[in-house]
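Work through these exercises with the model open. Each one sets a task, then solves it step by step.

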Amino acid sequence: MANQETTALGERLNRRAVNDFMLKYAIYFVFVILIIAITFKEPTFLSIENFRNILSMSATRIIIAMGVGGILITGGTDLSAGRMVGLAAVISSSMLQALDYPRRMYPQLGELPLIVPIIAAMVVCGAVGLVNGLIVSKLRVPPFIATLGTMVAVYGATSLYFDRPPYGAQPIGGLDKRFTNLGSGWLGLDGRLSLPYIVLIALGIALIVWVLHNKTTFGKNIYAIGGNPEAAKVSGVNVTKNLLIAYTIAGLCYGLAGALEAARTGGATNNYGNGYELDAIAACVVGGVSTSGGIGTVPGMLVGVLIFSVINYGLTFVNMSPYWQQIVKGAIIIAAVALDIRKYLNKR
Amino acid sequence: MSAEYVLELRHMSKSFPGVKALDDVSIQVRPGSVHALMGENGAGKSTLMKCLFGIYAPDEGEILLDGKPVKFQNSRQALDGGVSMIHQELLSVPNRSVEENLWLGRYPLMGAGPFRLIDAKKMRSDTKALFKKLNMDIDPAVWLRNLSVSKIQSIEIAKAVSYNAKVIIMDEPTSSLTEHEVAHLFGIIRRLRSEGAAIVYISHKMEEILEIADEVSIMRDGRHVGTWRSSELTTAEIIKRMVGRDLTHRFPPRANVPGEVVLRVDNFTSAERHSFKDVSFDLRRGEILGIGGLVGAKRTELVETIFGLRFLESGRISLNGREIKIRSPVQAMGDKFALLTEERRATGIVPMLGVKENMLLANLSRYVGRTGLINEKQGISDTKEKIADLRIKTPSYRTLIKDLSGGNQQKVLFAKWLLTEPDILILDEPTRGIDVGAKYEIYSIIAELAASGKSIIMISSEMPELLGMSDRIMVMCAGRKTGILDGKTATQEEIMRLAALFE
C-alpha cells in the first residue's frame with residue numbers, strides 16, 4: 001500500500017520534472033520540430049547550402065536582435081531600430097560607391113578604407129541610440145513613445161540625406177567590390193565547409209554581447225534594472241548611466257547591421273530596415289526575452305532569430321504561400337510566448 | 001571630538017504636496033546601540049530614513065555622520081558613506097540569483113581597465129563567507145523568486161549587514177519573518193551592536209522593540225515626540241505617546257454570540273504541491289474564527305481556495321448544510337463569501353483609482369441601471385455612507401486611494417466587501433502594516449460585523465490579535481490543522497506549540 005503510494009508519487013514527480021524540462025527548453029523543441037516538419041515535406045531541405053543561406057539571412061537580424069534584446073532586458077523597447085538600420089545602410093553605401101560608378105553621391109570622394117564608412121554608420125546610430133537613452137532616462141519619456149518619436153524622426157533624416165540633387169530618390173548602387181564581397185563572400189577551407197563573413201561577424205557580436213550580459217557589471221545591472229528598478233537604485237546602481245549604455249550599444253549594433261545589410265544586398269534606399277524592429281522584438285520574445293524586463297538570454301535571442309529565418313526560408317522552400325507564412329509566423333509568436341510564460345506562472 | 005553620537009539628524013523638515021511629512025525633527029543615535037523609531041503609519045519614520053539614505057532630499061535640516069555634515073544625493077553615496085538600509089517594501093530582483101541580489105551595485109571585478117569582468121568565483125566565496133558568518137543556509141545560485149518571503153527578507157538583512165556600515169537602518173525587517181528567524185535576526189543585531197554599529201530599528205511590534213532596543217524615539221504627525229531609554233517604557237506608554245491619547249484597551253469589547261454552524265469544510269486538500277492537506281473545520285453564525293500559524297503554514301492558500309482563487313484536489317464544503325462547489329471568486333461571491341486579501345498593495349487596492357472606484361469595484365454590476373450604464377449617483381451616495389460608517393479619513397470620495405494611509409486604505413477595502421453584503425467574511429492579516437490607532441478601529445469594525453450576525457474567518461500572525469479577537473482559534477502548521485483552541489482560554493504558548501508542531 002505504502003509502496004504503491006511511493007511509486008505513484010515517484011511517477012508524479014517524474015512527470016513534473018519532464019514537464020519542467022520541456023517548458024525550460026520549449027523554444028528549442030519548437031525549433032527542432034519546425035526543421036523536422038519542413039524536412040518531412042521536402043527532404044532536400046537538409047543541405048549545407050540551405051543552412052548557409054539561412055545563416056546569411058539571419059546575420060544582420062542577429063545583430064539587430066542583440067541590440068534590441070539588451071533594451072528589452074532593461075524593461076524598455078526600441079521602435080527606432082529598423083529606421084536606424086536604414087540610416088546606416090544609406091550612410092555607409094553613400095561613402096562606398098565604386099570609383100568608376102557614374103552616379104556617385106560624392107564624386108570627389110576617394111577610395112576609403114572599408115572600415116571607415118562602417119564606423120561612420122555605427123557612430124551616427126550610436127549617437128541616435130544615446131539620444132534615445134537620454135530621452136528615456138533623463139526626460140522620463142516611456143521607451144515606447146521615445147523610440148516611436150525617434151523612429152519617425154530618423155526616417156525623415158535618412159530621407160533628407162538620401163533624396164538630394166542631382167540624383168534624387170534613386171537607390172544608392174554601384175557599391176565598391178570590397179564592400180559587397182564583405183556582404184556576400186565567405187571564409188572557408190573548401191567550397192562546402194565555409195561560413196559567410198557576415199555570419200562570422202554576427203556570431204562575434206553575439207559572443208561580445210553574451211560576455212557583456214553575463215560577465216560584466218553593466219550586464220548584471222540591466223537585468224536588475226529590468227527586474228526591479230527601485231531595487232537597483234537603492235543598491236547604488238546608476239540607472240541613468242546603464243540605460244544610456246544599453247541604448248548606445250543598441251545603436252552601434254543597428255549601425256553595423258545597416259552597413260552589412262547594404263553590403264549584402266549591394267545597395268540602399270531610405271526605406272531599408274523598415275519594420276525590422278518588430279521582427280527583432282518578435283525574435284527576442286520568441287527566444288524567451290520578457291517585454292516587461294529582467295529576463296532573456298543571448299542563446300535564446302539567437303534561436304529566436306533562427307526560428308524566423310527557418311520559417312521564412314523553409315516555408316518558401318516548400319512552396320507555402322507567403323500569406324500563409326505570415327499567419328504561421330503570427331501564430332508562432334503567440335504560441336511561443338504563451339508557452340514560455342508558463343515557466344513563470346506555474347510556481348504561484 | 002570622537003562624537004558621542006554616530007548619527008545626528010538636526011531640524012529635518014520635508015513637505016509633500018498637501019502634507020508636512022517631517023516637521024523640525026532632531027534625533028541622535030549613539031554608536032553601538034539599537035535605536036528604535038516608532039510612530040503610527042504616516043508619522044514620518046520612513047520619510048526621515050529615506051531623507052537620510054538619499055532617496056528624498058529634505059527641505060531643511062542637517063545630517064551629521066560621525067560629527068561631520070553629509071548630504072547624500074542618492075543611495076550610492078549613502079552606502080559609500082557608511083549607511084545601509086533594509087527597505088520596508090523588500091526591494092529585490094525576483095528573476096536573479098541570491099548572490100546577484102546580494103552584491104548588486106558592487107560586484108567584485110577582476111582584470112584592469114574599462115573592460116573589467118565580474119569575478120564570479122569571488123562573488124560565490126564572499127556569499128558563502130557572509131552566510132557562514134550570519135549562520136544562514138541559502139543556496140547562492142537559486143533564483144529569488146523560488147524562495148519564500150521570509151528567506152528573501154533574510155537575504156535583505158544579510159545584504160544590509162554586508163556593507164559593514166556604521167549605521168544600519170532596518171525598516172520593518174521582521175514583517176515576514178517567523179519567530180525563529182526573528183530570534184536569529186536579533187542575534188545578528190546584538191553582534192553588530194557589540195561591534196560598534198548603530199542600528200535604527202523601525203517596527204510596529206511593541207514586544208520586539210522592548211526586547212531589542214536601547215533607546216526609543218517616538219514620532220507623531222511628522223514631529224519628534226521624544227526619546228527615552230527603552231527600559232523606562234512600557235507598551236502602554238509607547239502607544240500613548242504614539243497616538244497622543246490613552247488606549248487602555250487594545251481590543252474593543254465584543255458582543256457577538258456564535259450561533260448555528262453556517263460553513264463546514266471537510267478534508268480540504270490542495271491541488272498544489274506542498275500546500276494544505278486534509279483540513280476540516282466549521283464556522284458558526286456571528287463567530288470570529290482566528291487562524292494562527294507561522295509563515296508557510298498555508299493559511300492564505302486555504303482561504304484563497306475557499307474563495308475559488310486556487311483549486312482543490314479533494315474535500316467538500318457545505319454552506320448551511322448544502323454542499324457547494326466553488327470554482328471562481330465570482331461563484332464564491334454568489335454564495336455570499338468575501339475575501340480581504342493579505343497583500344493590500346499587491347492584490348487589494350487599485351492605487352491610481354479613487355476611493356469610490358475602489359469601493360465599488362467588487363460590486364459594479366449592482367449599479368448598472370436600466371440603460372446599461374452605471375448609476376453614478378447611487379455609487380456616490382453608497383460610498384459616502386461607507387466613508388461615514390467606517391470613519392474613513394479621506395478628503396473626498398474622489399481622492400486616489402494611494403494617497404490615503406494604510407489604515408484608511410484597509411477600511412476602503414472593508415467597505416468594498418461590505419457593499420457585496422457577504423455572510424462570511426474572510427480576512428487575511430487585516431491589520432498588517434497598520435498603525436495602532438487604526439488597528440483598534442479595524443477591530444471595532446470586525447466586532448460590530450460579528451455582532452450583526454456575519455461569520456468571520458481571520459488569519460493573523462499576531463498573537464495578541466488572535467487571542468484578543470477570536471472566539472475560537474484554529475492553528476495550522478505546514479499545511480495541516482494542528483488544533484482548535486477556545487479564544488477565551490488559549491495562551492500564546494499553546495498557539496506557538498501547535499504552530500511549530502512539525503518544525
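**Exercise 1. Find the ring beneath the charged end of B:Arg106.**

Solution. This is a predicted model. Start at the charged end of B:Arg106 and look for the ring under it; the ring belongs to B:Tyr163. Its centre is 3.7 Å away. Now repeat the search from B:Arg241: its charged end sits over the ring of B:Trp228, 4.3 Å from the ring centre.

**Exercise 2. Classify the aromatic pair of A:Phe45 and A:Phe51, then state how far each residue is buried or exposed.**

Solution. Step one: take the geometry. The ring centres lie 6.0 Å apart, and the planes make 50°. Step two: apply the cut-offs. Stacked needs planes under 30 degrees apart and edge-to-face needs over 60, so the rest count as tilted. The pair of A:Phe45 and A:Phe51 is therefore tilted. Step three: check accessibility. A:Phe45 has a relative accessible area of 0% and is buried. A:Phe51, at 29%, is partly exposed.

**Exercise 3. Do the same for B:Phe268 and B:Phe276.**

Solution. The centres are 6.4 Å apart, with 20° between the planes. Planes under 30 degrees apart count as stacked, so this pair is stacked. B:Phe268 is buried at 2% relative accessibility. B:Phe276 is buried too, at 1%.

**Exercise 4. Place A:Phe45 in its cluster and count the aromatic pairs of the structure.**

Solution. Follow the ring pairs. They join A:Phe45 and A:Phe51 with A:Tyr313 and A:Phe317 in a cluster. Over all chains, the structure has seven aromatic pairs.

**Exercise 5. Which strands of the six-stranded sheet in chain B stand at its edges?**

Solution. Step one: write the order. In chain B the strands run β18-β19-β20-β15-β21-β22, in an open sheet with mixed pairing. Step two: read the ends. β18 (337–340) and β22 (480–486) of chain B each have a single partner strand, so one side of each lacks a neighbour in the sheet. Step three: add the twist, which averages 20° from one strand to the next.

**Exercise 6. Describe the pairing of β19 and β20 in chain B, then add the helices α14 and α17.**

Solution. β19 (residues 424–428) and β20 (residues 455–459) of chain B run in the parallel sense, with five bridges. In one of these strands, β20(B), B:Ile456 is the bridge partner of B:Leu425. Next, helix α14 (residues 406–418) of chain B packs on the sheet. Helix α14 touches β18 and β19, at about 170° to the direction of β18(B). Last, helix α17 (residues 492–499) of chain B lies across β15, β21 and β22, at about 35° to β21(B).

Terms used:
Residues numbered from 1 in each chain as written. Chains lettered and ligands numbered in written order. Predicted model: local features only at pLDDT ≥ 70, side-chain atom pairs only at ≥ 80, totals over all residues. Heavy atoms only, no water. Pairing = 2+ DSSP bridges. Helix = DSSP H or I, 4+ residues; strand = E, 2+ residues; numbered from the N terminus. Axes fitted to C-alpha atoms, helices over the stretch in contact; angles between N-to-C directions. Contact = heavy atoms within 4.5 Å. Phe/Tyr/Trp six-rings, centres within 6.5 Å; stacked < 30°, edge-to-face > 60°. Buried < 20%, exposed > 50% of the residue type's maximum accessible area, 1.4 Å probe, protein only. Lys NZ or Arg CZ within 6 Å of the ring centre and 35° of its normal.
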